[in-house]
Amino acid sequence: MNTLASLPLSSWETIRWRAPALEILDQRELPHTLQYIRCLNAIEVAEAIRHMAIRGAPAIGCAAAFGVALEAIRLQEQPNFFNLLELGFTHLAKSRPTAVNLFWALKQMRDCLDSHTLLPPFEITAALLKKAQDLLASDLRLNHCLGDHGATLLKTGARVLTHCNAGALATAGHGTALGVIRSAVNAGKKISVYADETRPWLQGARLTSWELQQSAIPVTLIVDSAAGYLMSLGQIDAVIVGADRISANADVANKIGTYTVAVLARRHGIPFYVAAPLSTIDLTIASGREIPIEQRNGEELTGYGGIRWAPEGINLLNPAFDVTPAELVSALITERGVIHSPNEKKLRAFVMKPD
Ligand code: MRU
């Protein structure tokens with residue numbers, strides 16, 4: 001276990017393959033401790049996702065893909081390989097409901113499995129492991145593309161508000177919302193960031209603040225409820241957030257509190273950008289109303305780190321995500337380019353367009 005002082009981005013990885021295990025940076029321990037969890041099968045990966053050791057839509061998709069590969073490795077000599085592997089898919093699909101990237105990645109793994117079924121299990125396993133590694137590498141590549149597209153929207157000197165963590169920690173690296181910021185900084189622009197602390201899990205306070213600090217990008221932590229005040233003072237030039245699922249009509253599910261920020265941005269005439277890979281778009285879902293919203297344990301609201309501040313017996317409600325209607329989204333930033341004022345027609349045309 002390493003204790004952190006100041007670490008460049010290159011000195012840690014959100015998720016990495018170290019045969020025979022998948023190593024996951026335990027985000028519950030950040031920013032105090034850099035500690036990896038070693039997973040050897042689908043159940044261990046599903047538990048790491050469910051309990052937020054790894055979180056962020058693209059990152060949990062990558063983890064789930066490796067979960068399938070690990071399960072295949074574990075089962076490759078079993079006579080009922082296919083049936084048992086199916087249980088692995090089921091465990092992983094039940095780990096968290098909202099981020100569609102998880103289901104997208106499982107579908108990629110299923111397609112890989114289906115196209116190799118005539119081969120012996122050890123060859124299928126090798127193909128599944130390679131697929132998971134390809135998905136991880138491609139997520140990193142596409143975040144750089146997405147970041148470069150989004151960077152064109154930011155002027156030098158921009159003060160950007162972000163909510164939750166859509167950074168390297170939420171992806172294979174570079175990030176989506178924070179990827180845009182990183183790309184702008186890499187292009188020589190002076191950018192500073194306000195990070196909403198993001199109650200109750202504190203992804204902003206613990207993760208976004210930490211990873212931007214590691215990259216020497218100026219970041220100021222604020223309580224979630226300070227965003228409107230800063231906007232009213234003219235201190236925010238743009239908002240950029242990530243997404244967990246985008247419906248066909250371009251409604252955006254993201255961390256609870258995102259909708260509030262979007263409403264505030266519209267009230268103050270500030271552009272509200274959503275940065276997400278195409279794998280976050282779910283054309284099978286017509287509108288945000290149909291997106292399954294994870295309800296987490298209410299105990300997350302009653303205290304933190306062993307300290308309880310809410311009275312015993314209090315009623316608790318803890319939705320982990322909300323939905324921002326498409327009309328509040330100024331632009332959707334993807335690896336293929338930017339869609340201004342996204343709507344169903346533009347989204348479908350964009351997703352169907354060949355590369
Ligand atoms: O509950 P979390 O931490 O998994 O929620 C993460 C978010 O809401 C992110 O903004 C989203 O997944 C995009 S990550 C690139």
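Below is a short chat about a predicted model and the ligand it holds.

Colleague: Before we start, what do I need to know about the model?
Modeller: It's predicted, so to speak, with local features needing pLDDT of at least 70 and side-chain atom pairs counting only at pLDDT 80 or more, while totals for chains, interfaces and linings use all residues. Residues are numbered from 1 along each chain as its sequence is written, and side-chain values use heavy atoms, with hydrogens and water left out.

Colleague: OK, which residues come nearest the ligand?
Modeller: R55, R96, Q203, N254 and K255, out of 19 residues around the ligand. Being near here takes a heavy atom within 4 Å.

Colleague: And what touches the ligand's oxygen atoms?
Modeller: R96 has a polar side-chain atom 2.8 Å from one oxygen atom. For Q203, a polar side-chain atom also sits 2.8 Å from an oxygen atom of the ligand. A57 uses a polar backbone atom, 2.9 Å from a ligand oxygen. A polar contact is a pair of N or O atoms within 3.5 Å.

Colleague: How much of the ligand does the protein cover?
Modeller: 99% of the 420 Å² of accessible area that the ligand has on its own, by the Shrake-Rupley method with a 1.4 Å probe.

Colleague: What kinds of residues make up the shell?
Modeller: The split is 8 nonpolar, 7 polar and 4 charged, with Gly counted as polar and Asp, Glu, Lys and Arg as charged.

Colleague: Where in the chain do they come from?
Modeller: Domain 1 (2–143) and domain 2 (145–352) each give at least three shell residues; the bounds come from an automatic or database domain assignment. Helix 2 (57–75) and strand 11 (252–255) supply at least two each. Helices (H or I, at least four residues) and strands (E, at least two) are DSSP runs, numbered from the N terminus.

Colleague: New topic: where are the cis peptide bonds you'd point to?
Modeller: One runs from A19 to P20, with omega near 5 degrees, and P20 is in the loop between strand 2 (15–18) and strand 3 (21–25). Another joins L30 and P31, omega about 5 degrees.

Notes. A polar contact is a pair of N or O atoms within 3.5 Å; within protein, one must be able to donate a hydrogen and the other to accept it, and residues adjacent in sequence count only if both atoms are side-chain atoms.
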